[in-house]
Amino acid sequence: MPTRRLKLEPDSPVPLYTQIKDMLRTGILDGHYAPLSRMPSESELQAMFDVSRITIRQALGDLQKEGLIFKVHGKGSFVSQPKAFQNVTSLQGFAEAMSRQGHEIVNRVAHFRFVPAPANVALRLDVAEGETVTEIHRVRLLNRAPVSYEITYLPEVLGRQLQRADLVTRDIFLILENDCAVPLGSADLSIDAVQADAALAGALSTTEGAPLLRIERLTHDRHGRPIDFEFLYFRGDTFQYRLRVDRERAAAAKPSRTRR
């Protein structure tokens, strides 16, 4: 690793460890330090910045808290693998969103069956409890590594059409729109965190008890009819959902005064 001296601003109100952290973060984000590569050692960073070891440790500690690096005992600090992400400001299928970012998506179909609707599924899809619905289980592979487990419920009539569709390489959303002529409208989402049970851990190649991001999503067609209810389980170490929210400021209404 290069040990050339990097210039800090000792008179700046920004602490030295924060300046170092920001320089290292820039190097990580612009690819100078590649994912999973070893960061310079503490002694190398001391020589690069001409500061104390405790200052270096503060900078590295902050980078670790941000998830940009991880430490291996006895081996040093390494650059974290960046997480794939999906924006939830628009209704998109997983493959649709990931392919736009250059990722390869393949699906492993674990189950495709017709089952009596459990009470919670019947309520979401607005069908009678026990009525036949379609249940599809898929493992989503991102760049050939399992990233999510998807359980989808649809009305039986749509499931019969999906039986002939390519569920290995295509999103169900796109199949519904393009093959089934069902225009999508909106979706309701809830997001929480759960621990992987043995079945999910096996499907996602992680450990039992590992943190998972669980998305519960109910999708409606353009006319507001519920057509797709699903549970999406994402590995917490490989994926994140992102959204942007704007603060809307209501114009302050000035009270009117009536003159008499």
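Buried means a relative accessible area under 20%, exposed means over 50%, and partly exposed lies in between (1.4 Å probe, protein chains only). The model is predicted: local features need pLDDT of at least 70, side-chain atom pairs count only at pLDDT 80 or more, and totals for chains, interfaces and linings use all residues. Residues are numbered from 1 along each chain as its sequence is written, and side-chain values use heavy atoms, with hydrogens and water left out.

**View 1. The whole chain contains 8 helices and 10 strands.** Helices (H or I, at least four residues) and strands (E, at least two) are DSSP runs, numbered from the N terminus. The chain has 260 residues, of which 40% count as buried. About 15,500 Å² is exposed by the chain, and carbon and sulfur atoms supply 49% of that area; accessible areas come from the Shrake-Rupley method with a 1.4 Å probe, and for residues only the protein chains shown count as cover. Among contacts in the chain with a separation of 6 or more, 58% are between residues 24 or more positions apart. Contact means heavy atoms within 4.5 Å.

**View 2. Helix 1 (16-29) packs against helices and strands.** Helix 1 has 14 residues, and its first and last C-alpha atoms are 20 Å apart, close to the 20 Å expected at 1.5 Å a residue. The expected span is 1.5 Å times one less than the number of residues in the helix. Which residues of helix 1 are buried? They are Thr18, Gln19, Ile20, Lys21, Leu24, Gly27 and Ile28. These buried residues pack against helix 2, helix 3, strand 1 and strand 2. After helix 1 comes Gly31, with a positive phi near 90°.

**View 3. Pro35 sits in the loop between helix 1 and helix 2.** Pro35 has a relative accessible area of 43%, so this residue is partly exposed. Pro35 and Leu68 are 33 residues apart along the chain, and their C-alpha atoms are separated by 9.3 Å.

**View 4. Helix 3 covers residues 53-65.** The 13 residues of helix 3 should span 18 Å at 1.5 Å a residue, and the end C-alpha atoms are 18 Å apart, which agrees. Thr55, Ile56, Ala59, Leu60, Gly61, Asp62 and Leu63 are the buried residues of helix 3. Their cover includes helix 1, helix 2 (42-49), strand 1 (69-72) and strand 2 (76-79). Gly67 follows helix 3 and has a positive phi, near 80°.

**View 5. A salt bridge joins Glu42 and Arg53.** A salt bridge is a side-chain nitrogen of Lys or Arg within 4 Å of a carboxyl oxygen of Asp or Glu. In this pair the N to O distance is 2.9 Å. Glu42 belongs to helix 2 and Arg53 to helix 3, so the pair ties together parts 11 residues apart in sequence. Arg53 is partly exposed, because its relative accessible area is 35%. The structure holds 14 salt bridges.

**View 6. An open sheet of 6 strands has the order 4-5-6-9-8-7.** The pairing is antiparallel. Strand 4 (105-116) and strand 7 (184-195) are the edge strands, each pairing on one side only. From one strand to the next, the twist averages 15°. Two strands pair if DSSP finds at least two bridges between them. Strand 7 and strand 8 (residues 211-221) pair over 11 bridges in the antiparallel sense. Ile191 stands opposite Ile215 in strand 8.

**View 7. His220 lies in strand 8.** Is His220 buried or exposed? His220 counts as buried, because its relative accessibility is 12%. Apart from neighbours within four places in sequence, the contacts of His220 are Leu184, Gly185, Ser186, Asp188, Arg225, Pro226 and Ile227.

**View 8. Arg113 forms a salt bridge with Glu135.** The closest N and O atoms of the pair are 2.6 Å apart. Arg113 in strand 4 and Glu135 in strand 5 (residues 132-142) are 22 residues apart, and the pair links distant parts of the chain. Arg113 is partly exposed, with a relative accessible area of 34%, whereas Glu135 counts as buried at 8% relative accessibility.

**View 9. Arg160 and Glu156 meet within helix 6 (residues 156-162).** Their side chains form a salt bridge of 2.8 Å, N to O. The two residues are 4 residues apart, about one turn of the helix.

Notes:
Axes fitted to C-alpha atoms, helices over the stretch in contact; angles between N-to-C directions.
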